[in-house]
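Welcome! Here is a short, friendly tour of a structure, with the main points sorted by topic. Keep the picture open beside you as you read.

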Amino acid sequence: MDEEQGLLKRLREGDTSAFEAIIKQHHAFLVAMAVPLVGPQLADDVAQETWLKAMAAINGFEGRSKLRTWLARIAINEAHALTRKGKREVSLDSWGSDPGSPIASRFNEQGAWDVLPAQWHHDTPEELLSQEELQECIRKHLHKLPDDQQSVVIMRELAGLDYAEIAQALGLLEGNIRVLLHRGRQRMHAMLNHFEEVGTC
Amino acid sequence: MLTCREMSELGSDIIDGQLGLRTRLAVFMHMHKCSRCSLYIEQLKVTSEVLQQTSLNGQSVDPQAILEKLNKPRE
Ligand SMILES: [Zn+2]
């Protein structure tokens with residue numbers, strides 16, 4: 001977060017290269033978040049509009065939330081403004097169903113562990129993320145999640161939005177959001193586990 | 001008693017603190033006795049923290065092009 005504070009400070013001092021760095025860091029995230037809200041064609045427009053609003057309002061950003069959370073809220077508003085004009089092209093009707101536990105086969109009939117969870121070589125987020133190859137692997141597997149799980153993971157974990165906001169943005173119940181988030185986390189855990197056990201993506 | 005399978009299903013509610021008192025107590029009892037579930041839930045929490053710190057790939061993003069568009073008067 002220190003890096004973020006530094007960028008914001010430079011930005012307030014009128015250093016436009018700081019804004020470029022912020023765009024570079026978060027643009028792909030904004031586009032990914034907007035896709036389910038407005039469709040892939042318009043997602044880039046939403047991100048673009050978000051930057052416009054963010055640039056105008058950045059001095060009012062007090063840092064009570066993460067910058068990414070603040071940007072995500074602007075993007076959701078912009079997406080709604082677009083869809084109110086009747087431009088929504090995506091259907092989320094099939095979203096929210098529970099595909100079941102990805103680790104169901106690891107338990108025996110009595111519900112006890114059959115295949116035990118393995119100890120990891122790196123057990124803090126910082127240690128894990130210090131591996132460049134792992135970061136690449138996380139991004140790859142994030143994109144491989146089912147669309148609904150991916151969206152909820154991005155909105156909750158990356159954006160830091162709360163359940164109610166996510167439920168409203170996606171038109172789902174909070175209960176659905178919880179299940180999708182859990183399934184998404186379980187699959188990403190399985191990916192990290194594989195990486196820790198085997199050493200490759 | 002909660003089974004280990006049930007514990008794994010409760011995983012996100014456990015790390016997000018979304019459980020009622022009774023279930024919380026049952027979870028606490030299970031964790032106390034079961035190092036396997038403790039490990040799984042701890043790793044699920046680390047997974048969540050890793051995701052919170054993940055950025056999507058900005059390599060193909062051209063910030064200057066985006067800024068230029070922003071500064072253009074709107075038609
Ligand atoms: Zn257990």
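Four donors count as tetrahedral if all angles lie between 85 and 135 degrees. The zinc ion in this predicted model has 4 donor atoms with angles of 103 to 112° among them, so its site is tetrahedral. With that in hand, here is the rest of the tour.

**The zinc site**

- Which protein atoms are the donors of the zinc ion? They are SG of C4(B), NE2 of H30(B), SG of C34(B) and SG of C37(B), and they lie 2.0 to 2.3 Å from the ion.
- If you follow the chain, the donors of the zinc ion are spaced as C-x25-H-x3-C-x2-C.
- Two of these residues, C34(B) and C37(B), are buried.

**Chain A as a whole**

- Chain A has 9 helices and 0 strands, so reading from the N terminus gives α-α-α-α-α-α-α-α-α.
- The C-alpha trace of chain A spans about 60 × 40 × 25 Å along its principal axes.
- Of the 201 residues in chain A, 48% are buried.
- Take the contacts in chain A between residues at least 6 apart in sequence: 66% of them join residues at least 24 apart.
- About 9700 Å² of chain A is exposed, and 49% of that area comes from carbon and sulfur atoms.

**A network of salt bridges**

- How many salt bridges does a search of the whole structure find? It finds 12 over all chains.
- One of them joins D98(A) and R183(A), whose closest N and O atoms are 2.8 Å apart. This pair links distant parts of the chain, 85 residues apart: D98(A) sits in the loop between α4 (67-84) and α5 (125-129) of chain A, while R183(A) belongs to helix α9 (residues 174-198).
- R183(A) also forms a salt bridge with E9(B), again with 2.8 Å between the closest N and O atoms. Here the pair crosses between chains, going from helix α9 of chain A to helix α1 (residues 4-15) of chain B.
- Through shared partners, these salt bridges join D98(A), R183(A) and E9(B) into one network.
- Are the three residues buried or exposed? R183(A) is buried because its relative accessible area is 4%, under the 20% cut-off. D98(A) is partly exposed at 42%, and E9(B) is partly exposed at 32%.

**Another salt bridge in chain A**

- The side chains of D15(A) and R10(A) also meet in a salt bridge, with 2.9 Å from N to O.
- D15(A) is partly exposed, since its relative accessible area is 27%; R10(A) is partly exposed too, at 35%.

**Where chain A touches chain B**

- Q48(A) is found in helix α3 (residues 40-57) of chain A.
- Which residues does Q48(A) touch, leaving aside those up to four places away in sequence? They are I66(B), K69(B) and L70(B).
- Q48(A) counts as buried because its relative accessibility is 11%, and buried means under 20%.

**A nonpolar patch on chain B**

- L25(B), F28(B) and M29(B) form a nonpolar patch on the surface, and together they have about 360 Å² of accessible area.
- L25(B) lies in helix α2 (residues 21-33) of chain B.
- L25(B) counts as exposed because its relative accessible area is 57%, and exposed means over 50%.

Notes. Residues numbered from 1 in each chain as written. Chains lettered and ligands numbered in written order. Predicted model: local features only at pLDDT ≥ 70, side-chain atom pairs only at ≥ 80, totals over all residues. Heavy atoms only, no water. Helix = DSSP H or I, 4+ residues; strand = E, 2+ residues; numbered from the N terminus. Buried < 20%, exposed > 50% of the residue type's maximum accessible area, 1.4 Å probe, protein only. Contact = heavy atoms within 4.5 Å. Donors = N, O, S within 2.8 Å, 3.2 Å for Na, K, Ca; no water. Tetrahedral: all angles 85-135°; square planar, octahedral: opposite > 155°, others 65-115°. Salt bridge = Lys/Arg side-chain N within 4 Å of Asp/Glu carboxyl O. Patch = residues over 30% accessible without salt bridge, like charges linked within 9 Å, V, L, I, M, F, W, Y side chains within 5 Å. Areas by Shrake-Rupley, 256 points an atom, 1.4 Å probe, with all protein chains shown as cover.
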